[in-house]
Amino acid sequence: MTPLTLHPDRLFPADPATRAIARSIYEGIRGLPIVSPHGHTDPVWFVTNAPFTNPTELLIVPDHYVLRMLSSQGIPLSALGVPTRDGTPHETDPRAAWRLFARHYHLFRGTPSRLWLDWVFAEVFGLSVRLGEASADLYYDTIDAALKTDAFRPRALYERFGIELIATTESPLDPLDHHRAIRESGWSGKVVTAYRPDPVIDPEAPGFADNLRRFGEVSGEDIATFDGYLRAHRIRRAHFRQAGATSTDHGHPSAFTANLPAAEIEALYAKLLGGAVTPAEAELFRGHMLTEMARMSIEDGMVMQLHPGAYRNHDPALLARYGRDKGADIPLAGEFVRGLKPLLDAHGRDPRLTLILFTLDEDVYARELAPLAGHYAALRLGPPWWFHDSPEGMRRFRERVTETAGFYNTVGFNDDTRAFLSIPARHDVARRMDSAFLARRVAEHQLDEAEAHAIARALTYDLVKQAYRL
Amino acid sequence: MTPLTLHPDRLFPADPATRAIARSIYEGIRGLPIVSPHGHTDPVWFVTNAPFTNPTELLIVPDHYVLRMLSSQGIPLSALGVPTRDGTPHETDPRAAWRLFARHYHLFRGTPSRLWLDWVFAEVFGLSVRLGEASADLYYDTIDAALKTDAFRPRALYERFGIELIATTESPLDPLDHHRAIRESGWSGKVVTAYRPDPVIDPEAPGFADNLRRFGEVSGEDIATFDGYLRAHRIRRAHFRQAGATSTDHGHPSAFTANLPAAEIEALYAKLLGGAVTPAEAELFRGHMLTEMARMSIEDGMVMQLHPGAYRNHDPALLARYGRDKGADIPLAGEFVRGLKPLLDAHGRDPRLTLILFTLDEDVYARELAPLAGHYAALRLGPPWWFHDSPEGMRRFRERVTETAGFYNTVGFNDDTRAFLSIPARHDVARRMDSAFLARRVAEHQLDEAEAHAIARALTYDLVKQAYRL
Amino acid sequence: MTPLTLHPDRLFPADPATRAIARSIYEGIRGLPIVSPHGHTDPVWFVTNAPFTNPTELLIVPDHYVLRMLSSQGIPLSALGVPTRDGTPHETDPRAAWRLFARHYHLFRGTPSRLWLDWVFAEVFGLSVRLGEASADLYYDTIDAALKTDAFRPRALYERFGIELIATTESPLDPLDHHRAIRESGWSGKVVTAYRPDPVIDPEAPGFADNLRRFGEVSGEDIATFDGYLRAHRIRRAHFRQAGATSTDHGHPSAFTANLPAAEIEALYAKLLGGAVTPAEAELFRGHMLTEMARMSIEDGMVMQLHPGAYRNHDPALLARYGRDKGADIPLAGEFVRGLKPLLDAHGRDPRLTLILFTLDEDVYARELAPLAGHYAALRLGPPWWFHDSPEGMRRFRERVTETAGFYNTVGFNDDTRAFLSIPARHDVARRMDSAFLARRVAEHQLDEAEAHAIARALTYDLVKQAYRL
């Protein structure tokens, strides 16, 4: 079996002088607490603090990066233990699924999944040989045994990982009972929510009509008018803020915004309540609601996040069999300059607003996002997202945005994950890549070393807390 | 005269530690046989094994990279010996054309043409000074003399170059007599064809109506109905497979696909036979035929290749005077996510299908191609193509696709050339750039060195044979 | 206070061997005269040779890079001393504005503004501590005192900077009196103009109708017909050539061109004179006029420059308060392949024409611009522009265009600035980045070192003079 080691200089440039600078910068930030202002962990974990069930259900089944790579090589998700929705059989022996994964682990060479998983294997579970067919059972047994111990329960891991705060993401329809239970439990960990209103804002969301009805119930507002609908948002936002939320999150097909006159949006809302709207009307409603959300953010101080540009559920057969979030979402070309203009015309220069932009289309970094964020006081740039949460993705992000937007219009790292055990690994990759980026600029005499240390700290900790108002 | 040397470390990173790793990786693959699964050499060369005529007709006249660069600096192709179609005079003294080329050879600094040509000059012809005005005649005489010897005939070069297999590309209307002649000659070289049906699939192809008529004749099928037309494809595909073909190739304006109901495609085909279709109908027919080709590939096992996105013959004056393929094709922005969806909906998860995607728009590497190929079992990514078959092009390709698609959803190198003498140079550039890419990841501790060796071999040899089913 | 030093190796690669080569290349070009063929300095400076007023009005108020970064962090331009157009108050104490700037100078870390400004502070004013809150007054006093001396008047700086020629940009309505005054003054400096006809070509330009009327007056032509309008252009172009102009400049929303039949353009022009045209008609007129300008360039030898793709005045509130050119122009996605075709069909292969292309969309470098310029004799590529006039922007430009267009289809550096004191800093960054780019290719054995020296000289000096016919 091949040894598995995490080299202390991993991801640092090979040039010895540059590497020494990178090491020094990294030493100054490696121990900073993890602030995770945007992610998808399950708050129930921290309520019940129940042990995770087994290696397969913890590390394979919920990880869409893992599923998509194996799927791309012809391995059906059912063989990996992913349950089906259509009644076709799936592998129910977690060890068999794990062995299949282990046999194909070489597929992840060169991917961030390999970096994250190796970190989890070595650092969290103390494994010292590389995963493969020969080590599959050793891995399964080691991880399975560890998960049965108290040290591997969610709260213990939260503490061991040095997490200062973690945000989850909930629908306005969520009663937020789990967050209340965590707060009331007396546990010191900080798990806050974020307001994700897509289910009641996107007329094309599954179950939208029913969602609206429930939105009225949960808020206690009559949503028969647009004013009532806006009031319902205000009520739910206030409820979310009480559960620690400092941000909202918006996952739209595009960055299109609108700012309609009252009569027009009221008429559009009425049509929406009536049922059928066209795709263009749905886009118009979503776009207008981003501007309404900006206005509410100015009122209540919640930071907005916009995540546009995913073609969701590109593979209908996969969706039918396994459901959403199984790795079949694909990026689309982005456009922000015209799309954001209505919102920016109204509120872009208002320093009370913070709107954090994400993209799946790297081409807009230098062309659109950095120029926009380098002018408008309300805009900040989120870190490289999803497919670009990777060493090369991070390098391209910094190279393409820094010269126009600087460092201080960015907001540090988001792990954006439900893969709880990999959170420290993801933050560590970001810290290393920022150290490497800064080291190169020090070695090329664009920055003083003391400045690089200050910037590294800002990117790792200070800017996160400032941007997300934590 | 300046010396010409091919440095053994060319294209390797300058950092000494990284360079040493690159050298070691490269040593493991430099001697592997050349498998050339996609290209445009002329099978007649290997039938007749006749000597190449002279340096100008071998190295200048057919090389669109050379022609376009000289054209861009105001040198008319006629002065380079390219025959005209409109009766205007052209240079008929190959030595005069060669001298003109030699005098402008500095224009190729920084281009892959320089790398390829210098390799040909130094390795194939043993020249040891750089090409320029002063060495023009030395070059002409040396190359011309060599070409008259048996060691420089096509079959001898094929063997000297260590080629294991080379694929050419033919129209369905081609009788494939040359390939039969090669097979029957008893020569050990392996020259196979590939099925390129554009002339009978693209309603906007020159002579389309006549092509269709001949398609019926050569297949012996009545193509008056769409069913007959599909049968004609099946018959010709079977004939191509007998001539060694394992792949089809599709050069479309875009990656648009369609999957029409029977009645619709039959009506469209009938309209097509009738003569006039609109550009939109032509696109619809091409798009639907990609899906039909995918279905036939599932039946007969031939690997599909899709090469979309060239604006052909952008310069009408050049086309009128010199004809096609003279360097005036220009890339267009690409779109694959929506374009491929109809085909992928139908067959994207079928592991019996292999569809290899190429692009001239690098922006889709990270945004569209890697996410698609990193999910769909039928998709693989072809190497950087045409303008991007270059050191920087290769670096960008690996940097942008690997983190999402890994190494194993790519298919190794294609030389894609009719410049026979440069084939080893092109494969050598790819091997060196892959070695450099892998060396950097080893030096930065993302890959073990043993893994890098295994990946390098896969990219050079194993994945080519697997992907093309050779 | 932190020391401020300009390291002699700044911007050179850290690898020692590569750095030594970069140093050697740079030594060969660092002292070459500055040829600035495209920029926006004010010719009045060189007429009156009056001292610059104070640090704030010289270095903050006119610098849109500085304004946009401070604006992006919520600092109103009025607080920086920028006068308002709407009567709202602005900071009138230049020292107070300077202190505000100094306090936020860390925002520029990682941006080219920091490189340029530090060069100005250290090289022009001899400052040896970094700008910040603590050094704000030292800076203000030092710069203010220097500006009052003769050595810091415009002509003295021109000479100290080693400028051989500088071009400004004027409207056809400009009488060019300043340029005549400079020529007649007997001063040895060479300040030429460039013909920028947007105000009389763009129907959507502010005051277009009035501009046209004045165009008739200043040219002495009856512009009631399209022929008369073209004659007016010829007359003004001749006048500009007498004032030293060798180039025209065109700032269009896109690279769209047209080449309409006489009857159509005459009808469109008549409609234009009548007043209301649609946006599509305005685009058509602009597009056709580019082709007319190309025809006049073939007649009179003036080099064309096309700068497309800025969304001007994206922030209407900023425009209303402060006016144009305050940092709120944002790049748009570009398209050149279809856009330029009508012009190229007509004149693209004419070696008498030089059309220099610029872009704000880096994605077109490798996909469109390099392939076009690597074929058409009339095309050359301008240097990375505006947001991309930066170390990373330059690196991406060379990496993406060189392999397809070579070095000799590019035209050296443009500073494109009104920030006179930073001109040497900007040229120095370009010289260093070209040295670094070439050094890497020498270190990786793609170029001989002697070739790299020759290319560096061409990029710095020879190609500029050739391309701009100076």
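This report describes the interface of chain B and chain A and the symmetry relating chain C to chain A.

## Basis

This is a predicted model, in which local features need pLDDT of at least 70 and side-chain atom pairs count only at pLDDT 80 or more, whereas totals for chains, interfaces and linings use all residues. Residues are numbered from 1 along each chain as its sequence is written, chains are lettered from A in the order in which they are written, and side-chain values use heavy atoms, with hydrogens and water left out.

## Extent of the interface

The contact (heavy atoms within 4.5 Å) draws 41 residues from chain B and 52 residues from chain A. Together the two chains bury about 3,800 Å², 49% of it on carbon and sulfur atoms, where buried area is the accessible area (1.4 Å probe) lost on being put together, summed over both parts. Of the area that chain B buries against chain A, B:Arg367, B:His375 and B:Glu403 supply 19%, more than any other three residues.

## Charged pairs

Nine salt bridges are found across this interface, the rule being a side-chain nitrogen of Lys or Arg within 4 Å of a carboxyl oxygen of Asp or Glu. B:Arg367 forms a salt bridge with A:Asp363, with the closest N and O atoms 3.1 Å apart.

## Symmetry

A turn of 120° with a shift of 0.0 Å along the axis lays chain C on chain A with an RMSD of 0.0 Å, by least squares on the C-alpha atoms of residues with pLDDT of at least 70 in both; that is the relation of a three-fold axis. In chain C, the residue that comes closest to the rotation axis is C:Asp15, at 3.5 Å (C-alpha).
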